[in-house]
Amino acid sequence: MLTKKTKYGLKAMFFLSRHYSEGLVLISDISREEHIPRKFLELILLDLKKQGLVKSKMGKGGGYSLARDPEDIYIGQIVRILEGPLAPIPCVSKTAYAECDECINEKTCEIRKMMMQVRDATAAILDQTSLLTAQTASYRLEKIM
C-alpha cells in the first residue's frame, strides 16, 4: 500500500512531467493544482532532489523541474525513494532483506515464494513504466472511456 507521501510524490512528478517543456514550475502551482499541502510537498521534492530526479532554483524566477527527460524517469525509482523497498515482506527484499521471525524454513515457505512473485511482478511493472509511458497509457484510457 502506498503512503500519502508516495502518492503526492507521484502526483508532483506527473505534474512536472506534463510541464517539462515549460521549464521551472512554482511549488505553489504544484501544491494548488494537485491538492498537496505545500510544506509536505517541499519535503517530498527535497527527497527527490537529493536522489537526482528533480532540480530547483531559488529566488525570483525559481521553481522546480525534472532533472531528466520524463521518458528516463521510472515509477519504480520514485516509489523506492519515497516508500522504500517494493517487497511486501522483508525476507523477499533485494535491498532490505531480513529474516522473518516466525519462519521455520525460508526455502520451503509458501508465503515467501508467493510474495517473491508479487515483488517481481510489481518491480517489473514499475521499473518498465516511465513518467511518459504512464501518462500516455492514462491518456489512451481516457479516450477509450
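How much space lies in the largest pocket? The volume comes to about 180 Å³. The model is predicted, and every value reported here is computed from it.

The lining of this pocket consists of Leu26, Ile27, Arg38, Glu42, Lys49, Ser56, Lys57, Met58, Gly59, Gly62, Gly63 and Tyr64. By class, these split into four nonpolar, four polar and four charged residues. Helix 3, strand 1 (54-57) and strand 2 each contribute at least two residues to the lining. Helix 3 gives the most, with three.

The overall fold comprises six helices and two strands. Along the sequence, their order is α-α-α-β-β-α-α-α. The C-alpha trace spans about 60 × 35 × 25 Å along its principal axes. The protein has 145 residues, and 35% of them count as buried. About 9,400 Å² of surface is exposed. Carbon and sulfur atoms supply 57% of that area. Among contacts between residues at least 6 apart in sequence, 61% join residues at least 24 apart.

In soluble globular proteins, nonpolar side chains tend to be buried together. In this model, the largest nonpolar core has 27 residues. Met13, Leu16, Ile30, Leu45, Leu48 and Ile78 have the most contacts inside this core. At least two core residues come from each of helix 1 (4-18), helix 2 (27-34), helix 3 (38-50), strand 2 (63-66), helix 4 (75-83) and helix 5 (110-127). Helix 1 provides the largest share, six residues. A second, separate core has six residues, including Ala87, Ile89, Cys91 and Cys100.

Two members of the larger core illustrate its packing. Leucine 48 lies in helix 3. Leucine 48 counts as buried because its relative accessibility is 0%, against a cut-off of under 20%. Beyond its neighbours within four places in sequence, leucine 48 is in contact with Gly9, Met13, Leu53, Val54, Ile78, Ile81 and Leu82. Isoleucine 78, with sequence neighbours within four places again set aside, is in contact with Leu10, Met13, Leu48, Leu53, Ile73 and Leu131. Met13 and Leu53 thus appear in the contact lists of both leucine 48 and isoleucine 78. A separation of 36 Å lies between the C-alpha atoms of leucine 48 and glutamate 110, which are 62 residues apart along the chain.

Which residues does serine 17 touch, not counting residues up to four places away in sequence? They are Leu66, Pro70, Leu131 and Gln135. Serine 17 belongs to helix 1. With a relative accessible area of 8%, serine 17 is buried. Leu131 is therefore a contact of this buried serine, and Leu131 is also in contact with isoleucine 78.

Is histidine 35 buried or exposed? Histidine 35 counts as exposed because its relative accessibility is 63%, and the cut-off for that class is over 50%. Histidine 35 sits in the loop between helix 2 and helix 3. Its phi is positive, about 60°, although histidine 35 is not a glycine.

Terms used. Residues numbered from 1 in each chain as written. Predicted model: local features only at pLDDT ≥ 70, side-chain atom pairs only at ≥ 80, totals over all residues. Heavy atoms only, no water. Core = buried A, V, L, I, M, F, W, Y, C linked by side-chain atoms within 4.5 Å. Buried < 20%, exposed > 50% of the residue type's maximum accessible area, 1.4 Å probe, protein only. Helix = DSSP H or I, 4+ residues; strand = E, 2+ residues; numbered from the N terminus. Contact = heavy atoms within 4.5 Å. 1 Å grid on protein atoms, 1.4 Å probe; cavity = no way out; pocket = protein on both sides within 12 Å on 5 of 7 lines; lining within 4 Å. Points joined across faces, edges and corners; volume = space filled by probe spheres on them. Nonpolar A, V, L, I, M, F, W, Y, C, P; charged D, E, K, R; others polar. Areas by Shrake-Rupley, 256 points an atom, 1.4 Å probe, with all protein chains shown as cover.
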